[in-house]
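Biologist: Please show me the model. Then I will ask my questions.

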Amino acid sequence: MSEHESATPADAADQIRPTKRRVEDALLARPGVVGVDIAEKWSDGRPTGQQAIVVHVVAKRDHGDLGADEVIPPSFDGIPTDVVARVVRPLSVQESDPPQVDDEGPTTRRRTRPLAGGLSFGPADAVTIPVDGIAQRRTVNGTLGALVVERHTGRLMALTNWHVAAGDGLEDLGSTWIQPALADDGDPRSDRVGALVRGTLTDRIDAALVAIAPGAPWLPGIVGIGAVTGAAPAVTGTTVRKSGRTTGLRTGVVTSVDYTTSVDFGPGIGWHTLRDQVRVEPEAGGQAFSAGGDSGSVVVDEEGRVVALLWAGEDDGSFSVASPIAVVLDTLGIDVLDVRTARALLAAQARAARARKVQAISPWAASLPPISSVYRGVSAWGARPPAGARGRSAAARPTFRPTWTSSPDAGAASADGATSGRPTGSARTHDGASTEPFTEPFTEPFTEPFTEPFTEPFTEPFTEALGTNPFTEPFTEPFTEPFTEPFTEPFTEALGTNPFTEPFTEPFTEPFTEPFTEALGTNPFTEPFTEPFTEPFTEPFTEPFTESAGTAFTASLASASPRTQARVIAAIRAREIFWAGFIAAATRRGR
């Protein structure tokens, strides 16, 4: 028994790999050769148990019909060879007349929200390609493999194949992408979920990234499989699964991580060779692992880790081809969106949203006194003070009265030094002293409850920590970095009992205007949070404003808890509205 026969398949592959890589280019240069792999040698229709360099050809012919440059040597450096007839093709689908979606077909072809891996996905625009010498318009349709995060920006993106993005050989950066794809009745106006950012076709990967639009709900998982737990290398002999647009959920076995193949990508692209690819065969007695339209699916191991990105398959469905995920991630500068990454993403986005709200507070609004301070003395119109304030001394009862400044059309000061013009909002005490309003920090607590209903959109994300199981307490808030095409499609559908095995197909009836990330009860998929925030804000704000307006105040508020921030911002808004009206009324009275 030879050394290669006695070794395990993995050990034998390690021993054969240097020789295989040395001879594969020469083999691929031979007529009819389209692939080189390391796999078990078959003889007379039976496996031999011996690892070999396996040469894939378009068609097998008798030895006597081969020219000298077509004959495959029986061995290289003592390593046997085997010849098999196998041809692989990219797995995107091009349709000239998109059919209606069959209700009996895979649910992955339907419109599904929240977004997740394994769904029908593609460009919103058709492409023009030559078919039998005639230019024809075709739609290009593939699969949203998995959600990922860009390393240097934190942007949320969808991972798919480059050849899906460039059906005519040309990338259309910034183009709109929809879910479902055009072949599955996707509507470019109402089903858009993102835009193409970039993609690449190299000798190792076929991959592209689509930035997810703000407002689009998502989950860090794959339909039919569940939560994504990370990424790992593919290992020969392990069981894997994938969920794709055409075949849905399928199970297979990794049979090689050394497959090199030359593939015709069609008009505008031509032949390309990809090396050291992952080859997956269907499980024993199972259906084909993939079919046309499954391009872009991710291959996942039994622990929920992504191991490869699917892009091609053999014509008869006997095996599928995928790029190793580590190369995909490092080439594109991304990470798989697992549960841990999703938590970090939501926390960062919540902090950014709170910071934007704090920065939006103007210095004038931040320095406003409590509304109750108006009623502690005689009003600006001479009314008597409220009953609770009548016992106070006059000196302790400052009033707000307009003072006069020069109007734009006023001339020089009059002979007695007085000026004429319009009133401005200055505070004047009973002894006549006038001071500029609202320049000192206000330390009196705001104790009056804010009881009017809060009817403005609630834009502050819920930031409560999510539970240990993201699929009973899911991440439904998308990453909302700036996006040039705002997502306006409403989202309020009721979620099924299992969002990954039963995609959500109900129509939305309420507009989805802001993300919600708060944990939703015991079963968020049957008890969705769809009601608007209309309850009155009745809890009194008792924390004093101790910071002066400006940088110090906003810095202090930015470091406060989300609950405190919401209460302070609500109080400031109420004061701003009140004082704006108060000053306007006083100004009009003084005219």
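The questions below start with the whole chain and then turn to strands and single residues.

Biologist: What is the mean pLDDT of the protein chain?

Modeller: This is a predicted model, in which local features need pLDDT of at least 70, side-chain atom pairs count only at pLDDT 80 or more, and totals for chains, interfaces and linings use all residues. Residues are numbered from 1 along each chain as its sequence is written, and side-chain values use heavy atoms, leaving out hydrogens and water. The pLDDT is the predictor's confidence in each residue, from 0 to 100. In the protein chain, 66% of residues reach 70 or more, and the mean is 75.

Biologist: Over which residues does pLDDT stay under 50, with 272 contacts beyond four places in sequence?

Modeller: A contact means heavy atoms within 4.5 Å. Residues 501-549 also have pLDDT below 50, but that stretch has 133 contacts beyond near neighbours in sequence. The stretch with 272 contacts beyond four places is residues 388-499.

Biologist: How many strands are in the protein chain?

Modeller: Helices (H or I, at least four residues) and strands (E, at least two) are DSSP runs, numbered from the N terminus. The chain has 8 helices. Its strands number 30.

Biologist: What share of the 591 residues is buried?

Modeller: Buried means under 20% relative accessible area, exposed means over 50%, and partly exposed lies in between, with a 1.4 Å probe and protein chains only. By that cut-off, the buried share of the 591 residues is 49%.

Biologist: Over how many bridges do strands S1 and S2 pair?

Modeller: Two strands pair if DSSP finds at least two bridges between them. S1 covers residues 33-43 and S2 covers residues 46-57. Trp42 has Pro47 in S2 as its bridge partner. The antiparallel pairing of S1 and S2 has 9 bridges.

Biologist: Which residue in the hairpin of S1 and S2 takes a positive phi?

Modeller: The hairpin has 2 residues between the strands. The positive phi is near 55°, and it belongs to Asp44.

Biologist: Which residue in S20 does Val36 stand opposite?

Modeller: S1 and S20 run antiparallel and are joined by 2 bridges. Opposite Val36 in S20 stands Thr260.

Biologist: Is Thr261 buried or exposed?

Modeller: Thr261 is found in strand S20, residues 248-264. Beyond four places in sequence, the residues that Thr261 touches include Val34, Val88, His272 and Trp311. Its relative accessible area is 0%, so Thr261 is buried.

Biologist: Which residue has its backbone oxygen 3.0 Å from a polar atom of the Thr261 side chain?

Modeller: A polar contact is a pair of N or O atoms within 3.5 Å; within protein, one must be able to donate a hydrogen and the other to accept it, and residues adjacent in sequence count only if both atoms are side-chain atoms. The side chains of Thr261 and Tyr259 are joined by such a contact at 3.4 Å. The backbone oxygen at 3.0 Å belongs to Val34.

Biologist: Which residue in S21 stands opposite Tyr259?

Modeller: S20 and S21 (residues 271-282) run antiparallel, joined by 9 bridges. Their hairpin has 6 residues between the strands, and Gly266 there takes a positive phi near 95°. Opposite Tyr259 in S21 stands Gln277.

Biologist: In S24, what is the bridge partner of Arg279?

Modeller: S21 and S24 (residues 320-324) pair in the antiparallel sense over 3 bridges. The partner of Arg279 in S24 is Val321.

Biologist: In the sheet S7-S16-S17, which strands stand at the edges?

Modeller: The sheet is open, with 3 strands and mixed pairing. Each edge strand has a single partner strand, so one side of each is left without a neighbour in the sheet; the edges are S7 (115-117) and S17 (226-227).

Biologist: How many residues does the largest nonpolar core have?

Modeller: A nonpolar core is a set of buried Ala, Val, Leu, Ile, Met, Phe, Trp, Tyr and Cys residues joined through side-chain atoms within 4.5 Å. Among those with the most contacts inside the largest core are Leu147 and Trp218. Leu147 touches Trp218, and also Leu115, Leu156 and Leu337, among others. The largest core has a residue count of 25.

Biologist: How far apart in space are Glu150 and Ile334, C-alpha to C-alpha?

Modeller: Glu150 is found in strand S11, residues 146-150, and is buried because its relative accessibility is 1%. Glu150 touches Ile334, along with residues including Arg155 and Arg198. The two are 184 residues apart in sequence, yet in space their C-alpha distance is 4.4 Å.
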